[in-house]
Amino acid sequence: MDIDDIDEAIKPINQKIKADSQAKQTIQTLVNRGHWIEPSVKGADSVVDGIRKLLKYNIFICSDSKNTINEFENYVWKLDKNGLPTDVPEDKNNHAIDSIRYAIEDVETPEINLEDTFIVI
């Protein structure tokens with residue numbers, strides 16, 4: 001998709017959109033075109049913190065979302081020299097997961113009742 005395609009695709013969305021903060025020029029162009037877009041917050045441990053936050057939710061993925069299902073089924077943590085999982089996720093197969101992390105990063109979750117809280121994709 002080029003910038004014009006993105007612009008057209010998000011026109012019906014009349015609320016805040018969180019975007020990958022590395023896409024500074026794309027964000028600025030879309031803001032200049034009247035969209036409400038904010039960059040995601042990145043920093044030390046932001047990925048791990050976001051994954052931990054996601055794990056607090058019941059996540060339901062539509063069966064038509066094949067790529068998202070594939071990402072969740074194949075998401076892995078890097079292994080240490082002994083073959084044990086570390087606290088560092090591998091940076092692959094994570095485009096949809098990253099987008100979901102960005103979408104919920106402003107949602108406060110002090111005490112979540114998992115029986116009542118859902119993310120539906």
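Visitor: Which loop does Asp-45 lie in?
Guide: In this predicted model, Asp-45 sits in the loop that runs between β2 (37-39) and α3 (46-54).

Visitor: And what is phi like at Asp-45?
Guide: Phi of Asp-45 is near 65°, which is a positive value in a residue other than glycine. Most residues other than glycine have a negative phi.

Visitor: Is Asp-45 buried or exposed?
Guide: Asp-45 has a relative accessible area of 52%, and because exposed means over 50%, Asp-45 counts as exposed.

Visitor: Which other residue, in the loop between β5 and α5, has a positive phi?
Guide: That is Asn-93, whose phi is near 50°, again a positive value in a residue that is not glycine. Asn-93 belongs to the loop between β5 (85-89) and α5 (95-104), and with a relative accessibility of 37% Asn-93 is classed as partly exposed.

Visitor: Switching to helices: how do α1 and α2 cross?
Guide: The axes of α1 (residues 3-10) and α2 (residues 24-32) come within 11 Å and cross at roughly 50°, and the crossing is right-handed.

Visitor: Why call α1 and α2 oblique?
Guide: An angle of roughly 50° falls neither under 35 degrees nor within 65 to 115, so α1 and α2 are oblique to each other.

Visitor: Which residues make the contact?
Guide: From α1 the contact involves Ile-3, Ile-6, Asp-7 and Ile-10, while α2 contributes Thr-26, Thr-29 and Leu-30.

Visitor: How many of those are nonpolar, polar or charged?
Guide: By class, the contact of α1 with α2 comprises 4 nonpolar, 2 polar and 1 charged residues.

Technical notes:
Residues are numbered from 1 along each chain as its sequence is written. This is a predicted model: local features need pLDDT of at least 70, side-chain atom pairs count only at pLDDT 80 or more; totals for chains, interfaces and linings use all residues. Side-chain values use heavy atoms; hydrogens and water are left out. Helices (H or I, at least four residues) and strands (E, at least two) are DSSP runs, numbered from the N terminus. Buried means under 20% relative accessible area, exposed over 50%, partly exposed in between (1.4 Å probe, protein chains only). Axes are lines fitted to C-alpha atoms, for helices over the stretch in contact, and angles run from 0 to 180 degrees between N-to-C directions. Angles under 35 degrees count as roughly parallel, over 145 as roughly antiparallel, 65 to 115 as roughly perpendicular and the rest as oblique. A crossing is left-handed if the near helix is turned anticlockwise from the far one by less than a right angle, and right-handed if clockwise. Contact means heavy atoms within 4.5 Å. Ala, Val, Leu, Ile, Met, Phe, Trp, Tyr, Cys and Pro count as nonpolar, Asp, Glu, Lys and Arg as charged, and the others, Gly among them, as polar.
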